[in-house]
Amino acid sequence: MILMKDIVRDDQKGTVLRDYAAKVSFPLAEEDQKLAHDLMEYLEVSQDEELAQKYGLRAGVGLAAPQVNISKQMAAVLVPSDDEEDDTPIFKDVIINPVIVSESVQMGALTEGEGCLSVDRDVPGYVPRHDRITLKYQNVEGQTQKIRLKHYPAIVCQHEIDHLHGVLFYDHINKDNPFKAPEGTVFFG
Ligand code: CO
């Protein structure tokens, strides 16, 4: 099981966090199947308050392979339901070789800014992203999925895909004015 000690932090020198990760081939090798499982397991356990406390995990909605020191194009995403009546996650899958095939001109950002399991400090500022994206990826079975996402799950997926390209969320924050976002940016979260 992945624990906090296994997660690469951005202040460690020479990490894979800044590398462009390698494509994953199918059918998935056993080690890649295990990786997919472990990444999603972390998210599931971290979102369970009791278990998170037991194992000392920071809650996460996304975890990318480079964050556990494996430079491969794979990330788990688990955006939990925000509906009390229905606990079906808003988005849950392991996205492999993901590509954003189209994106809205409209930008979106989280009011509270973003955080990352690989970044131990708060970095204040808006992280402007595309409000809506069309995402193409392969699931663990190797089936190509093409889905449209908007708002929060779209932001989470863009954050995770950045990890596969060596980009961290604070790279997007305006250096001169961290709370300046492109005109017309919608805020939520
Ligand atoms: Co992150």
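**Entry 1: Tyr55 and its neighbours**

I started with Tyr55, which sits in helix α2, residues 49-55. This is a predicted model, so I read each position with that in mind. Tyr55 has a relative accessible area of 36% and is therefore partly exposed. I then looked for its company on the surface: Met1, Leu51 and Tyr55 make a nonpolar patch of about 250 Å².

**Entry 2: the acidic patch**

Next I went looking for charge on the surface. Asp82, Asp83, Glu84, Glu85, Asp86 and Asp87 gather there in a patch of negative charge. I picked Asp87 for a closer look and found it in the loop between β2 (74-79) and β3 (91-103). Its relative accessibility is 69%, so Asp87 counts as exposed.

**Entry 3: the metal site**

Which atoms coordinate the cobalt ion? I found Cys116 (SG), His159 (NE2) and His163 (NE2), at 2.0 to 2.3 Å. Along the chain, these donors follow the spacing C-x42-H-x3-H. Cys116 and His163 link distant parts of the chain, 47 residues apart: Cys116 lies in the loop between β4 (107-110) and β5 (129-130), and His163 in helix α3, residues 151-164. I checked their cover too, and both Cys116 and His163 are buried.

**Entry 4: salt bridges**

How many salt bridges does the structure hold? I noted 11. Here are the ones I followed up.

Asp120 and Arg9 meet through their side chains in a salt bridge, 2.9 Å from N to O. This pair spans 111 residues, with Asp120 in the loop between β4 and β5 and Arg9 in the segment before α1 (30-46). Are the two partners buried or exposed? Asp120 counts as exposed because its relative accessibility is 52%, while Arg9 has a relative accessible area of 15% and so is buried.

Glu114 pairs with Arg129, and their closest N and O atoms are 2.7 Å apart. Glu114 is in the loop between β4 and β5 and Arg129 in strand β5, 15 residues apart. Both ends are under cover: Glu114 is buried at 11% relative accessible area, and Arg129 is buried at 3%. I also noted a network, in which salt bridges with shared partners join Glu31, Asp32 and Lys72.

Lys5 and Asp6 form a salt bridge as well, with 3.1 Å between the closest N and O atoms. Lys5 is exposed, with a relative accessible area of 68%, and Asp6 is partly exposed at 28%.

**Entry 5: Pro182**

Last, I looked up Pro182, in the loop between α3 and β8 (186-188). Its 36% relative accessibility makes Pro182 partly exposed. The C-alpha atoms of Pro182 and Ile147 are separated by 26 Å, and the two residues are 35 apart along the chain.

Terms used:
Residues numbered from 1 in each chain as written. Predicted model: local features only at pLDDT ≥ 70, side-chain atom pairs only at ≥ 80, totals over all residues. Heavy atoms only, no water. Patch = residues over 30% accessible without salt bridge, like charges linked within 9 Å, V, L, I, M, F, W, Y side chains within 5 Å. Areas by Shrake-Rupley, 256 points an atom, 1.4 Å probe, with all protein chains shown as cover. Salt bridge = Lys/Arg side-chain N within 4 Å of Asp/Glu carboxyl O. Lys, Arg positive; Asp, Glu negative; His and termini not counted. Charge placed at Lys NZ, Arg CZ, Asp CG, Glu CD. Helix = DSSP H or I, 4+ residues; strand = E, 2+ residues; numbered from the N terminus. Buried < 20%, exposed > 50% of the residue type's maximum accessible area, 1.4 Å probe, protein only. Donors = N, O, S within 2.8 Å, 3.2 Å for Na, K, Ca; no water.
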